[in-house]
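User: Hi! I am new to reading protein structures and would like to go through one step by step. Could you help me?

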Amino acid sequence: MLLHRLSAAAALAVLATPALGQPKPPPELRSSEMPHLVVERAHKEPFRSDTVEISLAPASQTGSRVEYKVDVGAGDALVYSLKADLPVISEFHGEAHATKTVVFYREETAMAASHGQFVAPMSGAHGWYLANPHEKPVTVRLQLSGYYRPAPGLLKIQRPQKPAVKAAD
């Protein structure tokens, strides 16, 4: 028989080849063969969820700018949702623990709502800078779920924003 004369590898190749006229089977991938791609990761602990209400003072006052950061490990994920009463200046960024390198993920000049998912490219403090450009208080509601520690948390920036330059009429 022909298969007896072929090597084992050649025989498997012949058997795995679809017969003429039959569709080729779809390719199969294993995430374990792609270590650089985080598709699934098991954790010993359940994920956490938190909701934080952040009050921003009017633009000309101390407390009009804050940062809210959480500690996220490299490859860990979180899902977030931010909603503000009025549009605010928002910047989503992270600072690596090891190198103190800062990575900017998203910058918006008038964010009223922002929703998304995030997989940390490095272990560090990741979060949002929020600034109120209005002369009345604004509340931002942040919802988080995932694998993170809620530290350092809310960081107030002690100096108010510089007043916006108004164009002459």
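User: Let me start with the strands. In which sense do E3 and E6 pair, and over how many bridges?

Analyst: Happy to help! Please keep in mind that this is a predicted model. To read a strand pairing, look for the sense of the two strands and for the bridges between them. Here E3 and E6 pair in the antiparallel sense, over seven bridges. One residue to look up is Leu82, whose bridge partner in E6 is Leu142.

User: Which elements does the chain have, and how do they run from the N terminus on?

Analyst: The chain has two helices and seven strands. From the N terminus on, the elements run α-α-β-β-β-β-β-β-β.

User: Over how many bridges does E3 pair with E4, and over how many with E5?

Analyst: E3 and E4 pair in the antiparallel sense over 14 bridges. E3 and E5 also pair in the antiparallel sense, over eight bridges. His93 is a good residue to follow: its bridge partner in E4 is Phe104, and its bridge partner in E5 is Gly127. You can look at the turn as well: the hairpin of E3 and E4 has five residues between the strands, and Lys100 takes a positive phi near 65° there.

User: How should I think about the side chains along a strand?

Analyst: In a regular strand, side chains alternate between the two faces of the sheet. With that in mind, let us turn to the core.

User: How many residues does the largest nonpolar core have, and which have the most contacts inside it?

Analyst: The largest nonpolar core has 23 residues, and Tyr80, Leu130, Val140 and Leu144 have the most contacts inside it. At least two residues of this core come from each of these strands: E1 (48–56), E2 (65–72), E3 (77–96), E4 (102–119), E5 (124–131) and E6 (138–146). The largest share, six residues, comes from E3.

User: What does Leu144 touch, leaving out residues up to four places away in sequence?

Analyst: Leu144 touches Arg48, Ser49, Asp50, Tyr68, Val70, Leu78, Val79, Tyr80 and Trp128. For the chain as a whole, take the contacts with a separation of 6 or more: residues 24 or more positions apart account for 80% of them. As for burial, 32% of the 169 residues count as buried.

User: How many aromatic pairs are there in the whole structure, and how do I read one?

Analyst: A search of the whole structure finds six aromatic pairs. Phe92 and Phe118 form one that is edge-to-face, at 5.1 Å centre to centre with 65° between the planes. This pair links distant parts of the chain, since Phe92 is in strand E3 and Phe118 in strand E4, 26 residues apart. Both Phe92 and Phe118 are buried. As for how to read such a pair, the description uses the distance of the centres and the angle of the planes. Ring pairs also link Tyr80, Phe92, Tyr105, Phe118 and Trp128 into a cluster.

User: Now for charges. How many salt bridges does the structure hold?

Analyst: The structure holds six salt bridges. To read one, check the distance between the N and O atoms, then ask how exposed each partner is. Take Arg149 and Asp71, whose closest N and O atoms are 3.3 Å apart. This pair links distant parts of the chain: Arg149 is in strand E7 (residues 149–156) and Asp71 in strand E2, 78 residues apart. Arg149 is partly exposed, with a relative accessible area of 49%, whereas Asp71 counts as buried at 16% relative accessibility.

User: Which residue forms a salt bridge with Lys69, and are the two buried or exposed?

Analyst: Glu67 forms a salt bridge with Lys69, and their closest N and O atoms are 3.8 Å apart. Glu67 counts as buried because its relative accessibility is 18%, and Lys69 counts as buried because its relative accessibility is 9%. For another case, look at Arg106 and Glu108, whose closest N and O atoms are 3.8 Å apart. Arg106 is partly exposed, with a relative accessible area of 35%, and Glu108 is partly exposed, with 23%.

User: What is the nearest side chain of opposite charge to Glu91, and how far away is it?

Analyst: That side chain is Lys69, 8.3 Å away; Glu91 is buried yet has no salt bridge. Glu91 is in strand E3. Leaving aside neighbours within four places in sequence, Glu91 is in contact with Phe104, Arg106, Glu107, Gly127, Trp128 and Tyr129.

Technical notes
Residues are numbered from 1 along each chain as its sequence is written. This is a predicted model: local features need pLDDT of at least 70, side-chain atom pairs count only at pLDDT 80 or more; totals for chains, interfaces and linings use all residues. Side-chain values use heavy atoms; hydrogens and water are left out. A nonpolar core is a set of buried Ala, Val, Leu, Ile, Met, Phe, Trp, Tyr and Cys residues joined through side-chain atoms within 4.5 Å. Buried means under 20% relative accessible area, exposed over 50%, partly exposed in between (1.4 Å probe, protein chains only). Helices (H or I, at least four residues) and strands (E, at least two) are DSSP runs, numbered from the N terminus. Contact means heavy atoms within 4.5 Å. Two strands pair if DSSP finds at least two bridges between them. Lys and Arg count as positive and Asp and Glu as negative; His and the chain ends are not counted. A salt bridge is a side-chain nitrogen of Lys or Arg within 4 Å of a carboxyl oxygen of Asp or Glu. Rings of Phe, Tyr and Trp (its six-membered ring) pair if their centres lie within 6.5 Å; planes under 30 degrees apart count as stacked, over 60 as edge-to-face and the rest as tilted.
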